[in-house]
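Me: I am new to this structure and would like a close look at one part of it. Please start with the whole, so that I can see where that part belongs, and then take me through it slowly.

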Amino acid sequence: MRNKRNGLDQSRAPIYEALENFRRMRVVPFDVPGHKRGRGNPELTAFLGQACVGVDVNSMKPLDNLCHPVSVIREAEELAADAFGAAHAFLMVGGTTSSVQSMVLSSCKRGDEIILPRNVHKSVINALVLCGAVPVYVNPEVDQRLGISLGMKREQVAKAIAEHPKAVAVLVNNPTYYGICSDLRAIVKMAHDAGMLCLVDEAHGTHFYFGSGLPVSAMEAGADMASVSMHKSGGSLTQSSLLLTGPNIHAGYVRQIINLTQTTSGSYLLMSSLDISRRNLALRGRKVFHQVADMAEYARREINAVGGYYAFGRELMNGNSVFDFDTTKLSVHTLDIGLAGIEVYDILRDEYDIQIEFGDIGNILAYLSMGDRPQELERLVSALAEIRRRYQKDATGMLTQEYIEPEVVTSPQEAFYAPKISVPLAESEGRVCSEFVMCYPPGIPILAPGERITGEILEHIGYAKEKGCSMTGSEDPDLTRINVLE
Amino acid sequence: MEMWFSEFHTPDVKHSIRVNRHLYSKQSDYQRIDIFETPEFGRVLTLDGNVMLTERDEFIYDEMITHVPMAVHQGIKDILVIGAGDGGVVRELTRYDRVRRIDLVEMDPQVVEACRTYLPSNACRMDDRRVHIYFGNALKFIRRCEEEYDLIIVDSTDPFGPSEGLFTREFYGSCFNALREDGIMVNQQGSPFYAEDAAAMQRSHKRIASTFPISKVYQAHIPTYAAGYWLFGFASKKYHPMDDLDSEAWNALNMHTRYYTTRLHKGAFCLPAFLEEMLKEVED
């Protein structure tokens, strides 16, 4: 697996190899962490295992330093960049949230405009709170039957660019949680022609870099930066992530931005998991994701054969707002059996011991990955068939999830730091919200700081709460009150 | 030469059988299959190192999982058997003239092949014209069935291996749906003795009891299974396993058995106090 062009060998895993070597050296620790290879915390060691706590170590010369990589971490980043077709790759230990924020903070300064779809993850809007950039929202098209937001339409991006020629970047959420992809190549070209950067929140698309028959990846489409959740489809530990950059991005500056907020004690558990997972993807990813896509296609057929449910797939593709579809995603529309997605999600867990990724108003999403086996898929399909048999009811009166176009009154940063008061949610109509309100998962804001609270939004929040969605983001954990601008 | 097969019944309890010859060993797509020849138990079939059956004591299991429902419900004609690739359950069922159809769903074709070759006393009736063998996932097979069977026999391996899906609520619900309005499901319910087995038994009993209107447990003594003490579940839409036992009708068949009798049938449902308590704990 040696790349002939640059001589890099994808069967290597430099951080993992350095840790194995370090373990054999039996170095006496008079440094942090204080558990000293687990000896000082036997209960933790019994729980996590000696192998795990033994490599929970600090930065040092033989193991490099994440803040300023010069040896094994740098090599691991070079291998990752090579595997993902990027000019540079940064190992990230603060989740894909930190990748997304670094991407936004590297491109925008206070007052800059950034074009983005409203159905972004909260981490994007959080980044706007941090840096003071102003969002220009492109409203996503909504599939009326499914009630899900689709991708960005080319003409809407073109319109936003024409109306905001001074914007510095276009951010694309690609794929969405449901696997919907925009026409990324066209959007990259439009952004570049207008002198803007193209940033991609690719949290759900790690496998695009290693698949055949999967949608185009951000780097291949020519995007300038992409945030890749290695811990989702890539198989690494939770909280580990990659930030990829293209040839026109100054890597040294991005490193400085990352170091503004990133820990100086980067976890070697997370970094080695990125290193080993990258090796696995480079060596075996194509085969693995082919199997995952096959399993998802099989499950779609079986679920659709049950009746009542709609497991959607490539038939949604329309050449624009659904330019492509990620066939490894397994999303199921549940409203036609008279149950909200969140209700099916709860029944699956409470009665069938099956935990899926999320349920929203109209759909559920089961996350399939390299760790799945056919026998568990059969359980999921049979459980859905049983839920239909036992709980199916008349579907009238079920709401679909409408996309509610936000009215942005002030920038997220201004709203977040402005003087505010707490009012009962029921009396908040017409006020300007100063905090986030979202259903989690998927963590896409219903309200972001600086947006007007409308009757329609309040109705949506009420319905989601009634159906059992967990509402997060607000200072009041029960969301009976909400913070608004004075 | 000393050659022994050992199986851990718990991490701290080991059961060993002296082996004369190792007759067969194969890793299939699902599990490792071995057949040993032993002086005490005759031929022994193991899957992933767990004893499935021995020639010496299989009659206890195979008689108890078949004749109990057959003696209760006189109208059983169409039967679904899940697992049981060795053929012992089918052998007992084909003894009844009234049986019209036996569908057998086995995940692993390799098990059937090995047993046909090395355990002919179990597999001897697999070619009966009423028997239809389907290889595949039982959950997938059964969710397409509706009111099709009078009896479903679930002869699975333990709930921690490839058979885990056969101890789930979605599976029991699908069985309910596949049975006619007076249908019965009988399953191997594991052992109540060691803590981990007991917890698994309680979990599956809870799921069955919340799916079927009648859910009872009966016992048998099987020397080569954990603690030598084994349970079966009797789940039913209409017939009660003791009240509806028709001893006269069954005895009139003049069937020779070595473990099952209609007298033992009634006794098998009388459980020790500790087990009654365990079951009660999970019955709403």
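Reply: Happy to help, and one term comes first: two residues are in contact if their C-beta atoms, placed from the backbone, lie within 7 Å. In chain A, residues 24 or more positions apart account for 69% of the contacts with a separation of 6 or more, and in chain B such residues account for 67%. What you see is a predicted model, in which local features need pLDDT of at least 70 and side-chain atom pairs count only at pLDDT 80 or more, while totals for chains, interfaces and linings use all residues. Residues are numbered from 1 along each chain as its sequence is written, and chains are lettered from A and ligands numbered from 1 in the order in which they are written.

Let us begin with chain B, the home of our part. Chain B has ten helices and 13 strands (DSSP runs numbered from the N terminus, H or I of at least four residues for helices and E of at least two for strands). Its radius of gyration is 18 Å, close to the 19 Å that the globule rule gives for 284 residues, so chain B is as compact as a globular protein of that length (the radius is taken over C-alpha atoms, and the rule is 2.2 Å times the number of residues to the power 0.38). The C-alpha atoms of chain B fill a box of roughly 55 × 45 × 35 Å along the principal axes. Of the 284 residues in chain B, 48% are buried (20 or more other C-beta atoms within 10 Å of the residue's own, these atoms being placed from the backbone; 12 or fewer makes a residue exposed, and in between it is partly exposed).

Now for the close look, at strand 5 of chain B, residues 42–47. Five of its six residues are buried, so strand 5 is largely enclosed by the rest of the structure. On one side, strand 5 runs antiparallel to strand 4 (residues 32–38) of chain B, and six bridges join the two (strands pair if DSSP finds at least two bridges between them). Strands 4 and 5 of chain B form a hairpin with three residues between them. To find this pairing on your screen, look for Thr38(B), which stands opposite Gly42(B) in strand 5.

Strand 5 of chain B is also joined by four bridges to strand 6 (residues 50–54) of chain B, again antiparallel. Here Leu47(B) stands opposite Asn50(B) in strand 6. The hairpin of strands 5 and 6 of chain B has two residues between the strands, and Asp48(B) takes a positive phi near 50° there. Strand 5 of chain B thus has two antiparallel partners, strand 4 and strand 6.

Finally, the partner chain. Chain A has 14 helices and 20 strands, and 52% of its 486 residues are buried. The C-alpha atoms of chain A fill a box of roughly 65 × 55 × 45 Å along the principal axes. Where the chains meet, 13 residues of chain B are in contact with ten residues of chain A. Helix 5 (138–142) and helix 6 (169–178) of chain B each supply at least two residues of the side that touches chain A. Helix 6 of chain B gives the most to that side, with six residues.
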